[in-house]
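Work through the following exercises with the model at hand, and attempt each task before reading the solution beneath it.

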Amino acid sequence: MPALLELHDVEARYGAVKALHGVSLVAEEKQIVAVLGANGAGKTTTLRAISNTVRRSGEVRFAGKSLARRSPESIVRMGIAHVPEGRGTFSELTVNENLRLGAYTRRGGIKDDLKRVRELFPWIERRAEQQAGTLSGGEQQMLAMARAIMARPRLLLLDEPSLGLAPLIVSEIFRIVRELNERDGTTVLVVEQNANIALEAADTAYVLEVGRVALSGPSADLREHEAVRRSYLGY
Ligand SMILES: Nc1ncnc2c1ncn2[C@@H]1O[C@H](COP(=O)(O)OP(=O)(O)O)[C@@H](O)[C@H]1O
Ligand SMILES: [Mg+2]
């Protein structure tokens, strides 16, 4: 059985700027995998290389199939949902409208998915008619995740869900990530600068430095790793 997601020697560039210099990475089904690294290390680009929203070479395989030359939309249909950096909810639309947009690739079962999403995010039902742009930062992050979950993904890509949020909200977001992973078996690839919380939630982790994998392994091992502690955990 191939791993759910495999990146092999992936390079990516923005015009003349090379952002990834050969990244290889594996996420097994039902795992939470963290991608850590400083600003500019290539974390966001790694997620874009998976959802085919950046020019790249090398190999990306999902459930044994190559993702080369597939459109971002067909990648969503295959079961990959991407919550981008900065959330990307439609601020003029209501909470409910945002959720329904998340289900656009699917036909039946939307009612069930709304129910599942409301179990994960109990506040969402009470705010159904609220304009997304008037939600707090944490609520907007959760709505972006909820919208992605409406596509019923096998793989959820999360780009810095903790960015700019208070510690309590960050804990709540990672609690939901774990619940989704345990309850539905959703595989999660989460990019974070908050290495502490990401290593706590993840099974395995990769540390990127200037577009390359500098270190990888089980999260518990990386937490004990001297260089990781000094550079990313701050003790
Ligand atoms: N749209 C872009 N145009 C040109 N360079 C970019 C663009 N987006 C990112 N980069 C560059 O690619 C590198 C990796 O960026 P990124 O993947 O966003 O890093 P991270 O998410 O780890 O902060 C950086 O050097 C960044 O400046
Ligand atoms: Mg980024």
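**Exercise 1.** Determine which polar atoms of the protein lie opposite oxygen atoms of ligand 1, and how much of the ligand the protein buries.

*Solution.* Begin with Ala41, where a backbone N or O atom lies 3.2 Å from an oxygen atom of ligand 1, a polar contact being a pair of N or O atoms within 3.5 Å, for which, within protein, one must be able to donate a hydrogen and the other to accept it, while residues adjacent in sequence count only if both atoms are side-chain atoms. Next, a polar backbone atom of Gly40 is 2.7 Å from an oxygen atom of the ligand, and an N or O atom in the side chain of Thr44 is 2.8 Å from an oxygen atom of ligand 1. Finally, ligand 1 taken alone exposes 560 Å², of which the protein buries 63% (Shrake-Rupley method, 1.4 Å probe; for residues, only the protein chains shown count as cover).

This is a predicted model, in which local features need pLDDT of at least 70 and side-chain atom pairs count only at pLDDT 80 or more, whereas totals for chains, interfaces and linings use all residues. Residues are numbered from 1 along each chain as its sequence is written, chains are lettered from A and ligands numbered from 1 in the order in which they are written, and side-chain values use heavy atoms, with hydrogens and water left out.

**Exercise 2.** Identify which helix gives the most residues to the shell around ligand 1, and establish how covered that helix is.

*Solution.* The helix in question is helix 1 (residues 43-50), which gives three residues to the shell; helices here are DSSP runs of H or I with at least four residues, and strands are runs of E with at least two, numbered from the N terminus. Seven of the eight residues of helix 1 are buried (under 20% relative accessible area, with exposed over 50% and partly exposed in between, 1.4 Å probe, protein chains only), among them Lys43, Leu47 and Ile50. Just after helix 1, Asn52 takes a positive phi of about 60°.

**Exercise 3.** Find the residues that coordinate the magnesium ion, and locate them in the chain.

*Solution.* The donors to the magnesium ion (ligand 2) are Thr44 (OG1) and Glu85 (OE), at 2.0 to 2.5 Å, where donors are N, O and S atoms within 2.8 Å of the metal (3.2 Å for Na, K and Ca), and sites may look incomplete because water is not among the atoms. The two residues are 41 residues apart, with Thr44 in helix 1 and Glu85 in the loop between strand 6 (80-83) and helix 3 (95-102). Thr44 is buried, at a relative accessible area of 15%, whereas Glu85 is partly exposed, at 39%.
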